[in-house]
Amino acid sequence: MRRILILRNSELFKHNFGSWHPLRSERMNIYFRLLEEKSITSLANVKVLETSLAVDDDDILAVHDESLLNLVRSLSINGGALDPDTPVPPGTYDRARIQVGGLIEGALKILNGEYDAATQCVAFGGHHATRKHVGFSFGFCYFNQEAILIKYLQKRRNLGRILILDCDAHHGNGIQEIFYSDPTVLYISLHQDPNTLYPGTGFIHEVGEGDGEGYNINIPLPPGTSDESYIKALNEVFKPIAHQFKPEIILWIFGADTYFADPLAGLNLTMNGYSRITDIIIDTVDKLCSGKLITEFGGGYDVKSTPLSFYLVTAKLAGLNIKVDDPYSPPRGESGEVSRKTEKIVAELKKTLSKYWFLS
């Protein structure tokens with residue numbers, strides 16, 4: 001039975017972007033309440049860990065320019081903002097160190113063989129954070145916790161092949177920038193067409209450079225993409241490339257902003273789709289890296305559906321064969337136009353990637 005570690009830290013519950021902000025702090029409270037109400041936390045193979053690790057400045061500087069570290073630290077004293085979308089409440093710097101420290105703590109316990117998988121519900125994002133902050137939106141992020149985690153594992157545990165599967169509706173431009181020339185990190189992102197959604201990056205032709213060419217894979221999906229087309233992309237691109245890359249551990253960023261009722265994006269996934277996607281991830285990690293999986297619950301801006309989807313994924317990872325109903329009436333299905341667009345995108349992507357990977 002898969003041993004699951006659920007990472008939490010009470011300090012992160014204090015982070016509040018403000019009542020006007022789309023990233024609602026209560027989604028974390030609801031998620032943990034669901035885990036208790038549904039008795040997930042009582043399962044013999046599940047442990048909730050109050051994390052204690054906080055990264056230091058050297059870990060942050062392995063990824064970011066010192067100017068960003070100093071900016072976040074100074075704004076965190078009295079509060080401020082990196083940009084209109086990304087407030088910096090007092091205490092943010094310390095909470096950012098704690099949040100990424102929790103991810104690292106979970107990863108180390110997996111690599112030590114104590115657990116098979118770990119999950120973390122984040123209080124704020126990471127994958128939009130670039131090396132420097134140069135005035136554009138950071139998309140509710142401060143430091144790129146995913147990149148800090150990976151640099152830490154590369155340095156301290158000498159990992160040579162790490163796969164990031166980013167299933168947030170928004171492209172992780174920060175992760176792409178940081179690992180664009182690194183062949184030891186395979187970044188695969190499924191996201192909404194960047195012509196229609198922030199941050200406007202993540203096109204098919206962005207495949208990496210230098211030694212990292214071919215290791216940055218973007219699957220931009222049209223608005224209206226449903227479960228079937230999303231799963232088709234996973235099966236035809238993610239799975240075969242993952243099997244050829246043979247990662248030592250997988251970091252899965254699960255964003256509930258792909259849900260059909262999310263107010264910030266336009267994809268059309270459902271709870272049933274999330275269940276099937278989780279099955280694909282479980283099957284892949286079990287076959288390729290002995291189940292070693294870190295799941296980061298990222299975006300999601302509908303307070304009713306987001307915690308519910310996080311609970312669903314957690315329960316599935318813990319081995320429960322459950323069904324979760326959609327809290328709203330699901331869409332009738334994908335239009336023929338969207339299906340044709342998705343098929344065209346997948347075919348074009350396969351052609352582009354055929355230089356680097358075998359895709360049937």
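**Helix packing, pockets and cavities in a predicted model**

Helices α1 and α9 (residues 305-317) pack at an angle of about 40°, and their axes lie 8 Å apart. The model described here is predicted. Angles under 35 degrees count as roughly parallel, and those from 65 to 115 as roughly perpendicular, with oblique kept for the rest. The two helices α1 and α9 are therefore oblique to each other. Their crossing is right-handed. On the α1 side, the contact is made by Arg27, Ile30, Tyr31, Leu34 and Leu35. These meet Thr306, Pro307, Leu308, Phe310, Tyr311 and Thr314 of α9. By class, the contact of α1 with α9 holds eight nonpolar, two polar and one charged residues.

A second pair is formed by helix α4 (residues 92-111) and helix α5 (residues 145-156). Their axes are 9 Å apart, and the packing angle is about 40°. Helices α4 and α5 are therefore oblique to each other. The crossing of α4 and α5 is right-handed. From α4, the contact takes in Gln99, Val100, Leu103, Ile104, Ala107, Leu108 and Leu111. From α5, Gln145, Ile148, Leu149, Tyr152 and Leu153 take part. Ten of the residues in the contact of α4 with α5 are nonpolar and two are polar. No charged residue is found there.

Helix α7 (residues 227-245) and α10 make a third pair. Their axes come within 10 Å and cross at roughly 10°. That angle makes α7 roughly parallel to α10. Helix α7 contributes Ser229, Lys232, Ala233, Glu236, Val237 and Ile241 to the contact. Helix α10 contributes Ser339, Thr342, Glu343, Val346, Leu349, Lys350 and Leu353. By class, the contact of α7 with α10 has six nonpolar, three polar and four charged residues.

Open spaces were examined next. The largest pocket has a volume of about 310 Å³. Its lining is made of 24 residues. Of these, His128, Gly139, Phe140, His170 and Tyr301 lie nearest the centre of the pocket. The lining of the largest pocket divides into ten nonpolar, nine polar and five charged residues.

The second largest pocket holds about 180 Å³ of space. Among its lining residues are Asp193, Pro194, Asn195, Phe203 and Ile204. Pro220, Pro222 and Pro223 also line this pocket, as do Lys341, Ile345 and Glu348. Helix α10 (residues 336-353) gives the most to this lining, with three residues. By class, the lining of the second largest pocket has seven nonpolar, one polar and three charged residues. Helix α10 thus appears in two settings: it packs with α7, and it helps to line the second largest pocket.

Enclosed spaces came last. A search of the whole structure finds two cavities of 30 Å³ or more. The largest cavity has a volume of about 90 Å³. Its lining includes Leu12, Phe13, His15, Phe17 and Leu23. Arg24, Ser25, Arg27, Met28 and Asn29 also line the largest cavity, together with Val122 and Ala123. By class, this lining has seven nonpolar, three polar and two charged residues. Arg27 lines the largest cavity and also belongs to the contact of α1 with α9.

The second largest cavity contains about 30 Å³ of space. It is lined by Leu149, Ile150, Leu153, Ile162, Ile249, Leu251 and Ile294. Helix α5 and strand β9 (249-254) each supply at least two of these residues. The largest share, three residues, comes from α5. The lining of the second largest cavity has seven nonpolar residues, with no polar and no charged ones. Leu149 and Leu153 line this cavity and also take part in the contact of α5 with α4.

Two backbone features complete the description. A cis peptide bond joins Tyr198 and Pro199, with omega at about 5°. Pro199 is found in the loop between β7 (185-192) and β8 (216-221). Ser39 has a phi near 65°, a positive value in a residue other than glycine. Ser39 lies in the loop between α1 (26-37) and β2 (46-50).

Methods. Residues numbered from 1 in each chain as written. Predicted model: local features only at pLDDT ≥ 70, side-chain atom pairs only at ≥ 80, totals over all residues. Heavy atoms only, no water. 1 Å grid on protein atoms, 1.4 Å probe; cavity = no way out; pocket = protein on both sides within 12 Å on 5 of 7 lines; lining within 4 Å. Points joined across faces, edges and corners; volume = space filled by probe spheres on them. Nonpolar A, V, L, I, M, F, W, Y, C, P; charged D, E, K, R; others polar. Helix = DSSP H or I, 4+ residues; strand = E, 2+ residues; numbered from the N terminus. Axes fitted to C-alpha atoms, helices over the stretch in contact; angles between N-to-C directions. Parallel < 35°, antiparallel > 145°, perpendicular 65-115°, else oblique. Left-handed = near helix turned anticlockwise from the far one by under 90°. Contact = heavy atoms within 4.5 Å.
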